[in-house]
Structure formats: structure tokens, C-alpha cells
Amino acid sequence: MCSVRQLNGCDRKFRTLALSTVGRVSVVAVMFAQVAFGQMQQLNRQDVGRPQDMPEVTVAPEIKGVVKVTIDMDKGRTFMAPRAMAVNASIADDHLMDPELPALLRGAGITTLRYPAGPFADNFHWSTNKPSNSQAPVPLRYSGLAPNTDFGHFVHVFDGWGTTVITVNYGSNQEGTGGGEPAEAAAWVAYANGNPTDTNVIGKDSTGYDWQTVGYWASLRASPPLATDDGKNFLRINHPQLFNVKYWEVGNEVYKNGFYGGEGQEVDIHAPYPKDAKDNDKQRRKNPNLSPAAYAKAFLLFSKAMKAVDPRIKVGASLDSPLANKWDVQEWTQDPVSKQYVQHTSFQKAADSGLDWDRNVLQVAGKDIDFVALHWNAGNTSQASNWKELDNGNLLSAPIDELPTLIATLLQLFQKYCGQNVQNIQLLATDVGPKSFIKVTDPNVVGLFAADAYLSLMEDGAANIDWSDLHSGSFLNENNKSGSAYFGLQMIHNLLTFNETLVAAGSSHALLSVHAASHKNGSLSVMLINKDPKNNATVKVTVNGGKLAGPGMRFDYGRSNPPGEKAVSGAQIDEVGNSFTLTVPSYTVTDVLIPQVH
């Protein structure tokens, strides 16, 4: 694992979005090949050089016969970014400060925690550790903060081995009378990254509250607690060293603020709430103060104030999925007359509202955004379960069927609205996982998805990917027992670590995914994911561009290969090299580590 200093150093070698996705849907490869994205361009030009070498892909409901996998060690696609392996850490998590947590996170390869996580961000005030006394409806106030999850305590979770991505409060000021204040966000940057001797004035916000100077907040961080607490001792942590937090997101899922209808799921007091929640749709739908253009204009003010404190930071905007979709937040029920299953929601969101939000945000602020924060919650319910349970096949196919189109659409928007900034803009996937309201009947499927989704996002250039959530049960439960997503990410940790190279790899069958990483010592790591629920896969692997020979190591995680309490165990495998055949059990992730010929 690494320190924040090491993460920042390695990050200089990783820039912006990757340029191709050989072995996945070709539209993304075309889009990436058309656009030059900074330092990744040359690597990915190599990647698209020999698509004819990749096996033809068969789309079939099950695996039969031999699956052919081809890997080109000399065709680098992208690096694993230093902050790619991440998870959401909520201020409502009663187990966020458990002493065993850092070791568990390191065991899964996690380097980064997103804080304060989710909708709490737009109602949370870091300098008081209190929510807004808001006019928003009670369910939106998100006031159930867990003990000792304030920022002063939280930094001790990652200090010395990792870092954090912070979502600043866009939705509400301290009084709960209006939207978030850029000065409050700037003061947070000062506390995390400022120097105690810095006299740079942050000043008063629009309510008249004085946010003092950079040095004021940095001095609190550097000071020991007072003998008599004045209410700020939780910020006095005797830590003169800077935390050097790099990524700062302005607001969480701001596009759910009610502009597109309904009561809204995110606190945003840039427009007032009516006394009766049922009137929200009437008063807030299409309210210009809640619009994407209004958010983009406010974003520019936030970015300016925060970078005045520390110009090294990256400030990002909240974007919706640009694909046609609905917010699936309610259950499907059967109509008593037609017998058809229909979805009942509090409102119907226009299918293209995500594209509308993204287009208008980028049109105003695209040339100044450092990164976009995108949430990707995949999976649908199955007809066989009367639309109540997770459709396992749908979830597992999402990295191939859904993600490439999503990324390609984003790139089209970047090209159109971001000008020369398209060379610098980065993607952070700040909330990833299955849709939270869907019942999961086979937890192993979530582990397979986690491994495939993270690596697919890395291959698409994501600088940060945050699982939802730390103690959701799929990653860790309340007793810190490791779940399926934990082991799925641990399989990535077995494959490579940050700043190592993912290389071109392709499979002849859509139900057998492959990812591969080369290492400086000439060795290769291969991940094979069998998404067939019934059939084992016989896989013939061919490796070009290097010289390999056994023995190697093999790790299996899946339905027929349960892990230990905290780790997936490995075993020696002899018959490996530049060409070999192995069997991957159904619903299993297999890692094979192959050394260079000596």
C-alpha cells in the first residue's frame, strides 16, 4: 500500500480517459481512437493496432466448447490509476472507525475512501459536524450521523496508507436557508491541504458568516485539543502535515434535486421547498434555480474559491447517466386488470433527462471542469421473480452491454462542449454497484460484477471507482465480515496494483470476460470471469508479446470456490506459459499469475 505522497507521485503518470476498449463493444474503440486524450494517447494507439488478432465474439446463452482468449502483452491499454480502487465511506456508518478497518481495506487493495458519501453530502457541514436545520422534507435531511465520523476522526482511517475523495456541500448553507456556499468548501480545502502560516483570506459567505483565512483552518488541524473544548476540538488533531486531498466533487447527484419532477431525492435549497411535500413537483419542477445551467454557474464559483486555496486540486461536477433511463426506485406491481407488471413511482422522469442535464452542465462549465463524477448502478429485476429479484445475467452483462455505450456518449459530449479541456478531463465513477433496492439471491454474482466492472472502468480510463457502500453487506457487513464485492476487488488486487499496465485481451465468448496486466519483471497476470451459471468453461489462452513459463499461481473465487474469512487462497499451477488450456468453473473469477521465462 502507499502513502498520500506516493499516490500523488504515481498520479502524475496517469492522465485522463483511456482511448480504446479492445475485446468489448467497438463503438467505444472508435470514439476513443478519434480523440486525443493527453498522455494516454500513445499507449492506446498501440492497443488498437491489431484488432484482427482478437478472437471473434460469440453471443450465446451458455458456454459450449472451447473459449479462445488472446492476450497481447505489448499492447498497453492504460494504467491502474492510484485512486481507482475505492469505496464509499458514509458519515452515517456506525463502524467507520472500527480499528480493524484499515487492514481490511488494504487486504482488498483499497487506496481511497469517498467521504461523506451519498446524499448526506448536501446536508452536511464539515466544520460543525452537523446537518442543516433545513426546510427540506424530513426524509431528505439525512441527519443521522454516526458517532466520531466527523472529518477530524475520519482522516485517521486513511492517514498513512491512502487518501480520500471529498464531496462538498452544494445543497444547503449552515442555516438551511439557501444553497451551499463556495466559501465553506474553500475552508474545507484549507483544513485538508492548507499551511498554518497562509494568510490568504477566504472571507464571508452570502449569509455573512466569516470563514476566516486558510491559516486559521490549517492551524486547527495542526493543533492539539484544548483542555476545555470550545466545540472545535474534533478538528484539532495535532496533524501539521497536509493531507493533500486531490479530488473534490461539488454536490452529490444534484440532478435529482427536483428539477425534473417529483419530490426530489437530493437536498437543494437553491429554491425553497413548499410546506407540503406533495407540492414539490408544482413548485420545483423546471425551477430555473435548480436547473443544470444554474448548477454549472455555481460550480464555477465553487471551483474558483477552492482553487484559490490550493490550485493543485481537481474539482469535479456531478453528471447523470447520459443514456435514456428512468430512476428505478420503486417496486414493480401487477395490474389487477391487465395482469401486466408495471412500475409505480412517485413521478415519471423523462427518459432523456440525464442527457439534458449533462449537456447543459457541460455547455456552461465544460471548459473548466477537471473531472466528472458519474454514478453507475447496474442491474434490473427478473421476470422469473415477478420483477422482485436481481436478474443475474443482466447485471453480469452490464460491463459489455451498457458501459461502453455510456462512455461513448460521454465522450461525444466532451468533444462537443469541453473544447481543449477534453485533453484533461477525467472520469470518476463515484458510486458503483447493483441497484440497492433489488433483492440479491446469489451474492457471488455481485463479486463477479465488481471485478469485471472495476477493471472495465479502469480500461475506460476511470481515475476513481467507489463501491456503494463500505458496510453495505456486499463489501463488508456490520461485523466487518468480508462480502462478495470485497473478494471481487481482492481478485483485482491479486491481478495488479496501481500504476501497473492493463494490456489488450479478448475472448471469443460473451459469457467469458478477460482482463490482463503486465508487470515490469516481465510476468503477466490474467483474470478470467465465467458468467455462465451452469457450465464450466474450457479456455485456451494464447499470449503474444512476451516469453512466459510455469509454474505460476492460480486464485479462484466463485460459487464452487468459497474464500477464506479474509482472503482468496492460491495454489501453484504448472501448465502455463504463452499457450495453455484451463477450466474455469461456472460463476467464478480466476486469476492466473504467470512468470517470465528464466
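**View 1. Helices H6 and H7 pack at an angle of about 45°, with their axes 7 Å apart.** In this predicted model, H6 spans residues 182-193 and H7 spans residues 214-222. Angles from 35 to 65 degrees fall outside the roughly parallel and roughly perpendicular classes, and H6 and H7 are therefore oblique to each other. Their crossing is right-handed. On the H6 side the contact is formed by Ala187, Ala190, Tyr191, Ala192 and Asn193, which meet Val214, Trp217, Ala218, Leu220 and Arg221 of H7. Sorted by class, the residues of this contact are eight nonpolar, one polar and one charged.

**View 2. Helix H7 is mostly covered, with seven of its nine residues buried.** The buried residues of H7 are Val214, Gly215, Trp217, Ala218, Leu220, Arg221 and Ala222. What covers them includes helix H6 and also helix H9, which runs over residues 292-309. Among the H7 residues that meet H6 are Trp217 and Arg221, and both of these residues are also listed as buried.

**View 3. Helix H11 lies alongside helix H13, their axes coming within 8 Å and crossing at roughly 15°.** The helices shown are H11, residues 392-401, and H13, residues 443-459. That crossing angle makes H11 roughly parallel to H13, and H11 passes H13 in a left-handed crossing. From H11, the residues Asn392, Leu395, Leu396, Ala398 and Pro399 take part, and they meet Val445, Leu448, Phe449, Asp452, Ala453 and Ser456 of H13. The residues of this contact comprise eight nonpolar, two polar and one charged.

**View 4. Helices H13 and H14 pack at an angle of about 40°, with an axis separation of 7 Å.** This angle makes H13 oblique to H14, and the crossing of the two helices is right-handed. H13 contributes Pro443, Asn444, Val446, Gly447, Ala450, Ala451, Tyr454, Leu455 and Met458 to the contact, while H14 contributes Ser484, Ala485, Gly488, Leu489, Ile492 and Leu495. By class, the contact of H13 with H14 holds eleven nonpolar residues, four polar residues and no charged ones. H13 is thus seen in two views, since H11 also meets H13, through residues including Val445 and Leu448.

**View 5. A cis peptide bond joins Ser468 and Asp469, with omega at about 0°.** Asp469 belongs to the loop between strand E13, residues 464-467, and helix H14, residues 484-495. The helix that follows this loop, H14, is the one that packs against H13 with a right-handed crossing.

**View 6. A second view of a cis peptide bond shows the link from Gly550 to Pro551, where omega is near 0°.** Pro551 is found in the loop that connects strand E17, residues 537-544, with strand E18, residues 552-558.

**View 7. Asn148 and Tyr587 are non-glycine residues with positive phi, near 60° for Asn148 and about 45° for Tyr587.** Asn148 lies in the loop between strand E5, residues 130-131, and helix H5, residues 151-158, whereas Tyr587 lies in the loop between strand E20, residues 579-584, and strand E21, residues 588-594. Asn148 counts as partly exposed because its relative accessibility is 43%. Tyr587, by contrast, is buried, as its relative accessible area is 4%.

**View 8. Thr78 and Ala462 are 9.9 Å apart in space, C-alpha to C-alpha, although 384 residues separate them in sequence.** Thr78 is placed in strand E1, which covers residues 66-79. With a relative accessible area of 0%, Thr78 counts as buried. Across the protein chain, residues 24 or more positions apart account for 75% of the contacts with a separation of 6 or more.

**View 9. The protein chain as a whole contains 14 helices and 21 strands.** This overview gives the setting for the close-up views. Of the 598 residues of the chain, 59% count as buried. The accessible surface of the chain comes to about 22,900 Å², and carbon and sulfur atoms account for 49% of that area.

Technical notes:
Residues numbered from 1 in each chain as written. Predicted model: local features only at pLDDT ≥ 70, side-chain atom pairs only at ≥ 80, totals over all residues. Heavy atoms only, no water. Axes fitted to C-alpha atoms, helices over the stretch in contact; angles between N-to-C directions. Helix = DSSP H or I, 4+ residues; strand = E, 2+ residues; numbered from the N terminus. Parallel < 35°, antiparallel > 145°, perpendicular 65-115°, else oblique. Left-handed = near helix turned anticlockwise from the far one by under 90°. Contact = heavy atoms within 4.5 Å. Nonpolar A, V, L, I, M, F, W, Y, C, P; charged D, E, K, R; others polar. Buried < 20%, exposed > 50% of the residue type's maximum accessible area, 1.4 Å probe, protein only. Areas by Shrake-Rupley, 256 points an atom, 1.4 Å probe, with all protein chains shown as cover.
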